[in-house]
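The following exercises are meant to be worked through with the coordinates open, and each is followed by a solution that proceeds step by step.

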Amino acid sequence: MAQKIVTIYTDDLTGEESSEAATHTFTLDGVSYEIDLGPDSYEQMLQAFGPFMKAARKTGRARKAAARKGAAVNGEDTARIRAWAKESGYEVSDRGRVPAEIREAFQKAH
């Protein structure tokens, strides 16, 4: 029996499917957020944040943001890992950190 796994990327803002959707992180008032956006929605977010970013002081990169980059397996983003995990019968939350055992299973499957 053959199994075919299809991953569908969706824009969290519009809910539309997008093959170009990417995960973006930002921090506000000490709370880190992660959102999957297509190019148009990401541009919209940058335009909204733009005036505030220009007026703000840079304090360097957030440590959690740098650690999150390590959460990807072989360059795969967490949205793809979550989709695979759900299709493969794993219980995984829609947000937050993907457990190491699921990331390892994903890596072995690919």
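**Exercise 1: an aromatic cluster**

In this predicted model, Phe 49 has a relative accessibility of 31% and therefore counts as partly exposed.

Task: determine which residues are linked with Phe 49 into a cluster by ring pairs, and classify the pairs Phe 26–Phe 49 and Phe 26–Tyr 33.

Solution. Begin with the way such pairs are specified: a pair of aromatic rings is described by the distance of the centres and the angle of the planes.

Step 1. For Phe 26 and Tyr 33 the centres are 5.1 Å apart and the planes enclose 20°, and this pair is stacked.

Step 2. For Phe 26 and Phe 49 the centres lie 5.5 Å apart with the planes at 70°, so this pair is edge-to-face, because planes over 60 degrees apart fall into that class. The pair joins distant parts of the chain, since Phe 26 belongs to strand S1 (residues 22-28) and Phe 49 to helix H1 (residues 39-55), with their positions 23 residues apart.

Step 3. Taken together, ring pairs connect Phe 26, Tyr 33 and Phe 49 as a cluster.

Step 4. As to accessibility, Phe 26 at 23% counts as partly exposed, and Tyr 33 at 37% likewise counts as partly exposed.

**Exercise 2: the surroundings of Asp 36**

Task: decide whether Asp 36 is buried or exposed, and identify the side chain with which its own side chain makes a polar contact.

Solution. Step 1. Locate Asp 36 in strand S2, which covers residues 31-37.

Step 2. The relative accessibility of Asp 36 is 16%, and the residue is therefore buried, because the cut-off for that class is under 20%.

Step 3. The side chains of Asp 36 and Thr 23 are joined by a polar contact of 2.5 Å.

Step 4. When neighbours within four places in sequence are set aside, the contacts of Asp 36 include Thr 10, Asp 11, Asp 12 and Leu 13, together with Ala 22, Thr 23 and Ala 79.

**Exercise 3: the largest nonpolar core**

Task: state how many residues make up the largest nonpolar core and which helices each supply at least two of them.

Solution. Step 1. The largest nonpolar core has eight residues, namely Ile 81, Trp 84, Ala 85, Val 92, Val 98, Ile 102, Ala 105 and Phe 106.

Step 2. At least two residues of this core come from each of helix H3 (78-87) and helix H4 (100-109).

Step 3. Leaving out residues up to four places away in sequence, Ala 105 touches Trp 84 and Tyr 90.

Technical notes: Residues are numbered from 1 along each chain as its sequence is written. This is a predicted model: local features need pLDDT of at least 70, side-chain atom pairs count only at pLDDT 80 or more; totals for chains, interfaces and linings use all residues. Side-chain values use heavy atoms; hydrogens and water are left out. Helices (H or I, at least four residues) and strands (E, at least two) are DSSP runs, numbered from the N terminus. Buried means under 20% relative accessible area, exposed over 50%, partly exposed in between (1.4 Å probe, protein chains only). A polar contact is a pair of N or O atoms within 3.5 Å; within protein, one must be able to donate a hydrogen and the other to accept it, and residues adjacent in sequence count only if both atoms are side-chain atoms. Contact means heavy atoms within 4.5 Å. A nonpolar core is a set of buried Ala, Val, Leu, Ile, Met, Phe, Trp, Tyr and Cys residues joined through side-chain atoms within 4.5 Å. Rings of Phe, Tyr and Trp (its six-membered ring) pair if their centres lie within 6.5 Å; planes under 30 degrees apart count as stacked, over 60 as edge-to-face and the rest as tilted.
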